[in-house]
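Here are my notes for anyone opening this one for the first time. Have a look at the model, then read through the points below.

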Amino acid sequence: MMWNFDDSYDELIGKAILHVLDSRRVSASGVQRQFRIGYNRAARIVEQMEYLGVVTTPGVNGNRKVLGPPVDIRPYEEKSDEVKISPFEHERILEAITSKRIVIWLMDTGKCSEDGTKILIVNSFSPFEYLANKQKRDKDLDNDINGDLLRGYLFTATMQVRTPLKVLTQHGRIECKAAHKLPKIVKEDWQGIWVPEAKKWKDIGIDMPEMPEGTMASQIGQIPRDGGDYLRFLIYVNNIKESKASREEKYKYIQLGRHMYGQDGMPFAEHIGQVTFW
């Protein structure tokens, strides 16, 4: 199935449409993972699919539905008043980069549940790809097994409620250095592990499509390799668990969490009842 798009559309729009039609799921994070592009570019592609009638506008929980192939292909007219990133989001991104950890923040949808509680979206930013690109490759990395094919090592946190917050916020960290020089993140081995991160095909001179990101195991089953909404949920609830706030304050944030959704659309209410906070 082929379509002809002019230069007003992203060059990946055709492939992105085929991807969402096949998977029947759509989100900016999903497009970002599938094509290994920046989040803002992925969000713009999703907006272009909405413009073409391929997907719906976001629902009350931030989810979109896949409708079908584009019918009327017109030049894309970008919303002139659209703000790609707010000053608040920019501050959170800078916070993530300077603190070298994943940062989450809440966004008001402007909508309320039946009991009048605000519905919030939990967004996040991981700085580790950005930081890895700034690193200088360690010469000793070539001495590791298959070191010439490695970009470095990637830290994978155990996706469970009991995993400490400081470990969860290091998930996806990349170090371009030899195994014996990797920083110690966990206190107990079950909390996470460093795994070899292979170079991309293009980095070793092979002209072929990159492998999809895949999934990883978690307490609730398979989730996206980057942790997705379940990681955002774990960071949120562990912030509550590990805080020194009063019982009343914690209870307020627990109740608030029942009306939250991750940026990919997962309702926190599905899992928050399984967490022991006291």
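**Notes on the fold and its cores**

1. Start with overall size: a compact globule of 278 residues would have a radius of gyration near 19 Å, and the protein has 20 Å, so the two agree. That radius is taken over C-alpha atoms, and the globule rule is 2.2 Å times the number of residues to the power 0.38. Along its principal axes, the C-alpha trace spans about 55 × 55 × 35 Å.

2. Before going further, keep in mind that this is a predicted model, where local features need pLDDT of at least 70 and side-chain atom pairs count only at pLDDT 80 or more, while totals for chains, interfaces and linings use all residues. Numbering runs from 1 along each chain as its sequence is written, and side-chain values use heavy atoms, with hydrogens and water left out.

3. On secondary structure, the protein has nine helices and eight strands. These are DSSP runs numbered from the N terminus: helices are H or I with at least four residues, strands are E with at least two.

4. How much of the protein is buried? Of the 278 residues, 44% are, where buried means under 20% relative accessible area (1.4 Å probe, protein chains only).

5. Contacts (heavy atoms within 4.5 Å) reach across the chain. Among those with a separation of 6 or more, 59% join residues 24 or more positions apart.

6. Now the largest nonpolar core, meaning a set of buried Ala, Val, Leu, Ile, Met, Phe, Trp, Tyr and Cys residues joined through side-chain atoms within 4.5 Å. It has 39 residues, and Met159, Tyr230 and Phe233 touch the most other members. Elements giving two or more residues to this core include strand 2 (118–125), strand 3 (150–157) and helix 7 (228–242). Helix 7 provides the largest share, eight residues.

7. Take a closer look at Met159. Leaving out residues up to four places away in sequence, Met159 touches nine residues' worth of company that includes His171, Met216, Ile223, Tyr230 and Leu234. Apart from this core lies another, of 23 residues, with Ala16, Ala28, Ile45 and Leu52 among them.

8. Finally, is Tyr76 buried or exposed? Tyr76 counts as buried because its relative accessibility is 10%, and it sits in the loop between helix 3 (39–51) and helix 4. Beyond its neighbours within four places in sequence, Tyr76 contacts Ser8, Tyr9, Arg44, Glu47, Gln48 and Tyr51. Its C-alpha atom is 8.8 Å from that of Asp7, although the two are 69 residues apart along the chain.

Methods:
Buried < 20%, exposed > 50% of the residue type's maximum accessible area, 1.4 Å probe, protein only.
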